[in-house]
Amino acid sequence: MPLESRAAAIRAPVGTEIRPALVIMHHPRRRAGLAELVAALGDDRPNVVVDPDPTGPPSPLRTAKRAWAAVDSRATHHVVLQDDVAPVERFGEHLRAVIAARPDAAVALYVNWRSPHNSYLARWAALTGRPFTDLAPHEYVPTLGLALPTEAAVELSRYLSGFPDDFRDDDELVTGFCLAAGLDIVACVPHLLDHLPGSSVAGNDDHGARQAAVPMPAGEIPPTYWQRTVTKPPGRRRYTVDLYNSRCYLRFIRPDAGEPARHPYSWPWANWCGLVDADSGHIRSRFSDWLDRATRTVDAHPADLLELWAAGYLAGRDAGAVPGPAREVVDAALGTLVRSGVPNGSPDDLLELCRAAVDCGRGAS
């Protein structure tokens, strides 16, 4: 039977008690941190699946095949974590609440702060007060931590077994599986995991820092947060706002054109913001107004400040004026935008500017 025809069978029954089973994909090079990770998961004692060929060519897929196959039939959901993650406080409690809110979806527990499209979707969800965001169907599913209904995990393990280990990247294959199975692909916002620093055993050191796009705020949030509803329909984001090396770009999304999400074509905001019905002159003018009113000097080049202002303004304009976004979550999202996008300057001062730009953009939506 084709995978598409089995889609209904791999969804978790709605209304049942959530019983997740956890599996850790482990490489012996990270043995020193494994006990700490297991302890951080609390009462949810994970099954540890070790890379069967740790001295072989790097291949996340090699271990992922075995991790997704290690299903506990008594569980409603199968959760696979990589071994270089830092779970939030009360991880198990939040995990159950997250799964209960989206029991029949593929739920990513983390999004990379520099992923081309999904990082923007996660931050947009934070700005609009949404505890979940749909992820881009044309971008890889973040597999640093992923929860699936148990029957879907069984089907995924069968699907992965059909590919050789030297295919290497499990995340691209998980994307194809979820789309074929008709599973919604979402991420919880804020995220329940962050990525630990250190060298990559998968050969991804050239990707730079890979922290969470919307980390859990320092004050944390109650598990009831995941039941929040937002009545305004999300729409489909047709562009993303990218801040890289202190320069703001617009990346236009054309999935029907067959362009991969990681295509290199991003455009300077000042020349192209008219395509999203924004006016570059107005953005510059509002930035000058803010700069004139600033009560303290911000330690960064004025050109860099304008670029950050443009990124915040355009993101705020895209989010619109919405009631009740959680301020702590908004700040977590904007904080990573600042830290990942502006290599120089004081994060606290830049966050204040970015907040003001977002609020200004909301008022112009």
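A salt bridge is a side-chain nitrogen of Lys or Arg within 4 Å of a carboxyl oxygen of Asp or Glu. In the predicted model described here, Asp165 and Lys65 form such a pair, with 2.9 Å between the closest N and O atoms. Because Asp165 lies in the loop between α5 (150-160) and α6 (170-181) and Lys65 in helix α2 (residues 60-69), the pair ties together parts that are 100 residues apart in sequence. Asp165 has a relative accessibility of 25% and therefore counts as partly exposed, whereas Lys65, at 15%, counts as buried.

The structure holds 14 salt bridges. Another of them joins Asp44 to Arg96, with the closest N and O atoms 2.6 Å apart. This pair also links distant parts of the chain, 52 residues apart: Asp44 is in the loop between α1 (31-40) and β2 (47-50), and Arg96 belongs to helix α3 (residues 91-101). Asp44 is buried, at 11% relative accessibility, while Arg96 is partly exposed, with a relative accessible area of 31%. A further salt bridge is formed by Arg168 and Asp169, for which the closest N and O atoms are 3.3 Å apart. Arg168 counts as partly exposed at 23% relative accessibility, and Asp169 is likewise partly exposed, with a relative accessible area of 28%. In addition, Arg30, Asp83 and Asp84 are joined into one network by salt bridges that share partners.

With regard to the overall architecture, the protein contains 11 helices and 12 strands. Of its 365 residues, 54% count as buried. The accessible surface comes to about 16,100 Å², and carbon and sulfur atoms contribute 51% of this area. Among contacts with a separation of 6 or more, 77% are made by residues 24 or more positions apart.

Strand β3 (residues 77-82) is mostly covered, with 6 of its 6 residues buried. The cover extends to both faces of β3: His77, Val79 and Leu81 are buried on one side, and His78, Val80 and Gln82 are buried on the other. Strands of a sheet pair through backbone hydrogen bonds, in either a parallel or an antiparallel sense. For β3, the pairing with strand β1 (residues 20-26) is parallel and comprises 6 bridges; here Met25 stands opposite Gln82 of β3. The pairing of β3 with strand β7 (residues 145-149) is antiparallel and comprises 5 bridges, with Val80 opposite Leu146 of β7.

A further set of strands forms an open sheet of 3 members in the order β10-β11-β12, with antiparallel pairing. Strands β10 (239-244) and β12 (267-268) are at the edges, each pairing on one side only. Strand β11 (residues 247-252) is joined to the antiparallel β12 by 2 bridges, and Tyr249 has Pro268 of β12 as its bridge partner. Strand β12 also includes Trp267. The relative accessible area of Trp267 is 34%, so this residue is partly exposed. Together with Tyr265, Trp272 and Leu275, Trp267 makes a nonpolar surface patch of about 420 Å².

In the interior, the largest nonpolar core has 70 residues, and those with the most contacts inside this core are Trp68, Phe91, Leu109, Leu192, Val214 and Trp226. When residues up to four places away in sequence are not counted, Val214 touches Ala122, Arg123, Ala126, Val189, Pro190, His191, Val329, Ala332 and Ala333. Apart from the largest core lies another, of 39 residues, including Tyr120, Trp269, Cys273 and Val338.

Helix α11 (residues 347-363) contains Asp349. The relative accessibility of Asp349 is 10%, so this residue counts as buried. The C-alpha atoms of Asp349 and Ala300 are separated by 9.3 Å, the two residues being 49 positions apart along the chain.

Methods
Residues numbered from 1 in each chain as written. Predicted model: local features only at pLDDT ≥ 70, side-chain atom pairs only at ≥ 80, totals over all residues. Heavy atoms only, no water. Helix = DSSP H or I, 4+ residues; strand = E, 2+ residues; numbered from the N terminus. Buried < 20%, exposed > 50% of the residue type's maximum accessible area, 1.4 Å probe, protein only. Pairing = 2+ DSSP bridges. Contact = heavy atoms within 4.5 Å. Areas by Shrake-Rupley, 256 points an atom, 1.4 Å probe, with all protein chains shown as cover. Patch = residues over 30% accessible without salt bridge, like charges linked within 9 Å, V, L, I, M, F, W, Y side chains within 5 Å. Core = buried A, V, L, I, M, F, W, Y, C linked by side-chain atoms within 4.5 Å.
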